[in-house]
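Q: Please take a close look at one part of this predicted model, the open sheet of chain A. Which strands form the sheet, in what order, and how do they pair?

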Amino acid sequence: MQLTFRGVRGSIASPGPSTVRYGGNTTCIEIRGDEGEIVILDAGTGIFPLAQDLLKELPVRCHIFISHTHWDHIQGLPFFTPLFIPGNKVTIYGAGDPVSQRGIQDVLNRQMEYAYFPIREAELNAEIDYVDLPDQHRVEIGSVSVENILMNHPAMDYGYKVSCNGKSVFFTGDHEWPTNIFEPEDEDYDEFAQEIEARRLQIVDFIRGVDALVIDTSYTRAEYPSKVGWGHGTFDTSIAVAREAGVKHCFFTHHEPTRSDDALEQAFHQALEQNAAGQVAHEPEFHLATEGKPIDIPASEGLPGALAFLDI
Amino acid sequence: MVPQEKIDDMVDAMPAFSNSVMRVLDLTADINCSPRDIVAVIDHDPVMTMKILKLVNSAYFGLRQEVVSIKQGVVMLGINTVKNLAITIAAVGMLPRNSIEGFDSQEFLLHSLGTATLSRILSHRIGIPAKESTDYFVAGLLHDFGKVVMVQSMPEEMEQALNKAANEDIDLCVAEQEIFGSTHADFGAMLASKWQLPAALINSIGEHHELRTEDQDCPMRDCVVAANILTKKIAFGNSGNPQVTDLPAQVASRFGCNADDLLAQIENIDEQLEKTRSFASV
């Protein structure tokens with residue numbers, strides 16, 4: 001299985017000289033199964049460079065899993081060139097909008113309404129299927145299986161676990177570990193605390209033991225207090241969960257669009273220091289997700305605990 | 001009764017209680033409104049609560065676990081989604097206070113809140129863990145949900161039933177049975193079951209006037225049955241049923257006393273009920 005980050009930026013694309021090392025595209029992750037299956041997690045602007053590469057291997061059969069339908073995760077979809085070419089087959093999976101109760105197809109169709117895009121969804125030449133996923137469902141694609149779990153974000157947001165021949169990657173989508181909406185002196189505080197802890201453990205169990213955890217790590221410790229409830233994680237929460245879930249590698253993603261590469265590295269190192277990284281047993285390896293470099297995830301029985309990308 | 005296929009549309013189009021609609025609109029006008037204030041408004045309104053539980057437990061979400069309370073809904077879906085669901089419900093409009101003769105929606109809301117509060121108090125008394133007591137509150141809040149749907153969807157027949165019960169001083173269920181062939185309890189349970197709400201909640205709604213599964217151990221139902229009777233005894237609100245009975249034998253044996261004694265044993269009952277009154281007044 002091979003994983004390539006195609007977009008690692010949160011909220012809005014942020015190209016320019018200060019983001020060139022990690023990349024300025026919004027979320028998109030390409031995963032290739034051992035038998036060449038193509039699984040794409042999210043369709044932010046990062047799906048456009050991926051589309052260019054896929055044109056070299058027509059016809060394309062791919063599966064796009066959308067974590068949630070906020071712009072930065074779907075923005076690239078109308079520019080996903082394989083959709084325009086006959087003979088290609090694309091299946092799009094995800095959750096719709098719970099408030100209007102529209103499915104994933106409708107949400108994406110509206111993105112391609114004439115006011116926003118010159119070509120209508122009905123005019124796309126590839127064969128396109130849509131699948132509304134219920135919570136914790138498994139999709140089998142050749143040697144690859146993809147399972148989803150509801151995460152916490154101001155939208156229906158799924159995290160996806162992609163597994164292939166004993167190797168696995170989990171991507172959180174956008175996610176904030178739930179916080180207590182009550183104050184400690186409120187009657188409901190303890191009950192709510194128990195509920196969110198149960199939910200947190202359910203997600204940690206789902207992630208447990210994956211080879212690579214790709215996790216929304218938008219904020220630093222100092223930034224978070226003014227961003228509570230916005231639906232994103234912090235370096236502190238990501239490090240704690242990676243440890244608790246016993247993952248081998250942890251990739252921080254959804255980099256803040258205003259953060260330069262230098263500032264990102266500084267925040268990363270500061271967080272590792274604050275959390276005494278490397279000083280606990282079975283420490284995961286922490287990385288900043290970086291656009292473009294394919295990462296091999298070798299068979300777990302081959303190189304236990306040491307993946308091929310230890311040197312990045 | 002209403003054709004099955006129309007029920008969902010009808011309930012979707014049903015407005016919530018006026019005070020909660022106004023509060024939701026007022027609170028959500030401020031982007032920094034407190035999540036717990038929003039939750040408090042929703043979980044004191046039977047229509048908002050039922051609509052959100054219906055959606056959260058629907059195949060649309062396909063959640064692995066049943067969601068019984070709004071707080072659990074917030075844990076699963078996040079406060080922002082729940083807030084936006086409440087805004088969508090508020091946008092439908094407000095239940096009129098007196099849409100038909102014999103039914104005052106404010107008094108109905110008070111009765112529902114009283115039953116909810118007492119159901120929670122009674123759950124503590126029989127040793128239900130605090131963690132589950134919210135579910136008992138929800139069951140009390142929703143026990144008469146069928147009635148408010150019938151008032152909205154079949155106003156003429158429901159007016160007839162309410163008048164008949166009042167004029168002949170008979171149980172509302174008897175009058176409903178005569179006019180509709182079933183009762184508001186049956187109708188509420190049918191809706192809850194159609195929407196795949198948890199079994200204990202369905203039983204509590206469906207059997208709050210008549211225990212059908214007498215040998216079945218259902219502490220939630222028993223608390224709702226007792227709470228409904230006590231709320232009527234102290235005339236906290238009014239749901240249009242003139243008949244007040246004593247506890248059925250099985251419920252009396254669970255609490256070890258009759259309704260009057262049970263009422264006398266609850267400490268600070270007025271104080272506890274007054275706290276919920278604010279949710280029923282504009």
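A: The answer below follows the sheet from its overall order to its individual pairings.

In this predicted model, chain A holds an open sheet of seven strands, arranged in the order E7-E8-E9-E10-E11-E12-E13. The pairing within the sheet is mixed. At its edges stand strand E7 (138–141) and strand E13 (285–288) of chain A; each has a single partner strand, so one side of each is left without a neighbour in the sheet. From one strand to the next, the twist averages 20 degrees.

Strand E9 (residues 158–164) of chain A deserves attention of its own. Of its seven residues, five are buried, so the strand is largely enclosed by the rest of the structure. The threshold behind that statement is that a residue is buried if 20 or more other C-beta atoms lie within 10 Å of its own.

The pairings of E9(A) can be taken one at a time. With strand E8 (residues 144–150) of chain A, E9(A) pairs in the antiparallel sense over seven bridges. In this pairing, Leu150(A) stands opposite Tyr158(A) of E9(A). With strand E10 (residues 167–171) of chain A, E9(A) again pairs in the antiparallel sense, here over five bridges. Across that pairing, Val162(A) has Val169(A) of E10(A) opposite. E9(A) and E10(A) also form a hairpin, with two residues between the strands. In the turn, Asn165(A) has a positive phi of about 45 degrees.

As for side chains, a general point applies: in a regular strand they alternate between the two faces of the sheet.

Towards the E13(A) edge, the direction of pairing is parallel: four bridges join strand E12 (residues 249–253) of chain A to E13(A). One residue pair in this part is Cys250(A) with its bridge partner in E13(A), Phe286(A). The antiparallel pairing of E8(A) with E9(A) and the parallel run of E12(A) with E13(A) both belong to the mixed pattern of the sheet.

A residue elsewhere in chain A offers a contrast to the enclosed strand. Leu55(A) is found in the loop between helix H1 (47–54) and strand E4 (61–65) of chain A. Leu55(A) is exposed, because it has 12 other C-beta atoms within 10 Å, and a residue counts as exposed if that number is 12 or fewer. E9(A), by comparison, has five buried residues among its seven.

Terms used:
Residues numbered from 1 in each chain as written. Chains lettered and ligands numbered in written order. Predicted model: local features only at pLDDT ≥ 70, side-chain atom pairs only at ≥ 80, totals over all residues. Pairing = 2+ DSSP bridges. Axes fitted to C-alpha atoms, helices over the stretch in contact; angles between N-to-C directions.
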